[in-house]
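Work through the exercises below with the structure open. Each task is followed by a stepwise solution.

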Amino acid sequence: MNRYILFLLELFGLVLPAFFFIFKAQVGRAQSIIADEDNHYGLFSPDLAEKIKSIWQDEGMKQLYAIRSTFNLNDSVSYFLNNLDKINTPDYKPTERDLIMSYVPTCGVQNVVFTTSNQSFQLFDIGGQKIDRRKWATQYEGIDAIFFCLAVSEYDQVMNEDMRTNRLDDALQLLEQISEEPMFATTPIYLFLNEVDVFYEKLNIIPLNKFKPEYTGEDPEDALDFIESLAYGALAKRDKSLYRVYRCIAIDTPMMAEILATIFKDIMKRKK
Ligand SMILES: Nc1nc2c(ncn2[C@@H]2O[C@H](COP(=O)(O)OP(=O)(O)OP(=O)(O)O)[C@@H](O)[C@H]2O)c(=O)[nH]1
Ligand SMILES: [Mg+2]
C-alpha cells in the first residue's frame, strides 16, 4: 500500500513544479521524498510520513487535486492519503473498503465464480484498456448477460494509450460496437453509468460543454441526462427489452447491492 501511495506522490512530484500556486518549499519536500529511495519500501519513517502529510494538506495541492483528471490521476488518492496514519503501521491489514478503493487494472480476463441467492455465476472481468479488447467479441458466445461500466466523469479525459482519444467518446463507441455485435443480438446489456459522484464534483470545475459543445443544459441533472442520452444513442439499434441503464457509484456498497440484486433477478427471469 505504501508503494501505491508513493506512486501517487511521484505523479504529484512530476506535475508539481508546473503549478505556480504550489509553494516552493513543498516542491522541495516532494522532490526529497522521491529521491529518498531507501524509504520507498516497507513503512514510511515518521519524518517521511509527516512530509507527505504536509504536502497533501497544502492549499496548492488541494487545487491541483481538484483538476486531477487533467493528468489522469486516480480518484482514490484522497482516500489513501487521508488514511495514511492508519495504513503506515506495521500491522496494517487492508479492509474491504481499502480494497474497493484501490485501483488495480484488470490485465487480460479475470474469471470470477461466485454464488448469490443460491445461484452460481461465472463472471469474466475484462480489462477496459485497449490492448485487452482484441479478444472480446470472438470469445464470448453463449453468455447470459453483459455488464458494461462507463465512467460518466471521464468526459474531459483522454485515453492513457494514446493521450488523445476522449475516454467518454471511446466508451460510447465501444458500447455501440458491442450493442451491434451479431453474436450479442439476444444478450441483455446492463449499462452502469458509473462515477456519478465524481461527475457532479467535476462539473463545477470543468464545464461539460467545453467538451460537448452540443450540451446546453444548466444543472447537474441536465448534464447526467445528456450523457445518458448519448448512451441511449449508442444502444439505439437494440431492442429496448435487451438493455437496462443504471446510474451508480460503484464504491457505494449498499447502492450497488440494491442494483445488483435487481439485475441478478432479471437475469434469472430471462433464463426461465
Ligand atoms: N469516487 C468513485 N470512485 C470510483 C467509482 N467507481 C470506481 N471507482 C474507483 O475507480 C478505481 C478503478 O476501479 P476499477 O473497478 O478497478 O476499474 P476498472 O474499470 O476495472 O479498470 P480496468 O480494469 O483498467 O478496466 C478504483 O480506485 C475505485 O475505487 C465511483 O463510482 N466513484
Ligand atoms: Mg478492472
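**Exercise 1. State what share of the residues in the protein chain is buried, and describe the overall make-up of the chain.**

Solution. The model is a predicted one.
- Step 1: the protein chain has 272 residues, and 21% of them are buried.
- Step 2: its secondary structure consists of twelve helices and five strands.
- Step 3: take the contacts with a separation of 6 or more; 67% of these join residues 24 or more positions apart.

**Exercise 2. Decide whether strand S4 is largely enclosed or not, and find the strand it pairs with.**

Solution.
- Step 1: S4 covers residues 189-194, and a residue counts as buried if 20 or more other C-beta atoms lie within 10 Å of its own.
- Step 2: five of the six residues of S4 are buried, so the rest of the structure largely encloses this strand.
- Step 3: strand S3 (residues 146-151) runs parallel to S4, and six bridges join the two.
- Step 4: one of the residue pairs is Ala-151 with its bridge partner Asn-194 in S4.
- Step 5: Asn-194 is also among the positions that UniProt lists under "binding site" in an unreviewed entry.

**Exercise 3. Locate Ala-145 and classify it as buried, partly exposed or exposed.**

Solution.
- Step 1: Ala-145 sits in the loop between helix H8 (136-139) and S3.
- Step 2: Ala-145 has 18 other C-beta atoms within 10 Å, so it is partly exposed.
- Step 3: leaving out residues up to four places away in sequence, Ala-145 touches Thr-187, Pro-188, Tyr-190 and Ile-267.
- Step 4: Tyr-243 is 98 residues from Ala-145 along the chain, and their C-alpha atoms are separated by 9.6 Å.

**Exercise 4. Determine where ligand 1 lies relative to the two domains, and describe its shell.**

Solution.
- Step 1: 21 residues surround ligand 1, and the closest are Tyr-103, Pro-105, Thr-106, Gly-128 and Ala-250.
- Step 2: by class, the shell divides into ten nonpolar, eight polar and three charged residues.
- Step 3: helix H7 and helix H10 (196-203) each supply at least two residues of this shell.
- Step 4: domain 1 (2-101) and domain 2 (109-271) both contribute residues to the shell, so ligand 1 lies between them.

**Exercise 5. Compare the settings of Thr-106, Asp-75 and Ser-76, which carry a "binding site" record.**

Solution.
- Step 1: the UniProt record, an unreviewed entry, lists Thr-106 as "binding site". The feature is also placed at Asp-75 and Ser-76, and further positions include Asp-125, Ile-126, Gly-127 and Ala-250.
- Step 2: Thr-106 lies in the loop between helix H7 (96-101) and strand S1 (109-116). Asp-75 is in the loop between helix H4 (59-66) and helix H5 (77-82), and Ser-76 is likewise in the loop between H4 and H5.
- Step 3: Thr-106 has 12 C-beta neighbours inside 10 Å and therefore counts as exposed. Asp-75, with 19 other C-beta atoms within 10 Å, is partly exposed. Ser-76 has 16 such neighbours inside 10 Å and counts as partly exposed.
- Step 4: beyond its neighbours within four places in sequence, Thr-106 is in contact with Asp-125, Ile-126 and Gly-127. These three contact partners appear in the "binding site" record as well.
- Step 5: not counting residues up to four places away, Ser-76 touches Met-101, Ser-102 and Tyr-103. Tyr-103 is one of the closest residues to ligand 1.

Methods
Residues numbered from 1 in each chain as written. Chains lettered and ligands numbered in written order. Predicted model: local features only at pLDDT ≥ 70, side-chain atom pairs only at ≥ 80, totals over all residues. UniProt positions renumbered as here; feature names shortened; annotations may be inferred. Helix = DSSP H or I, 4+ residues; strand = E, 2+ residues; numbered from the N terminus. Contact = placed C-beta atoms within 7 Å. Near = placed C-beta within 6 Å. Nonpolar A, V, L, I, M, F, W, Y, C, P; charged D, E, K, R; others polar. Domains from an automatic or database assignment. Pairing = 2+ DSSP bridges.
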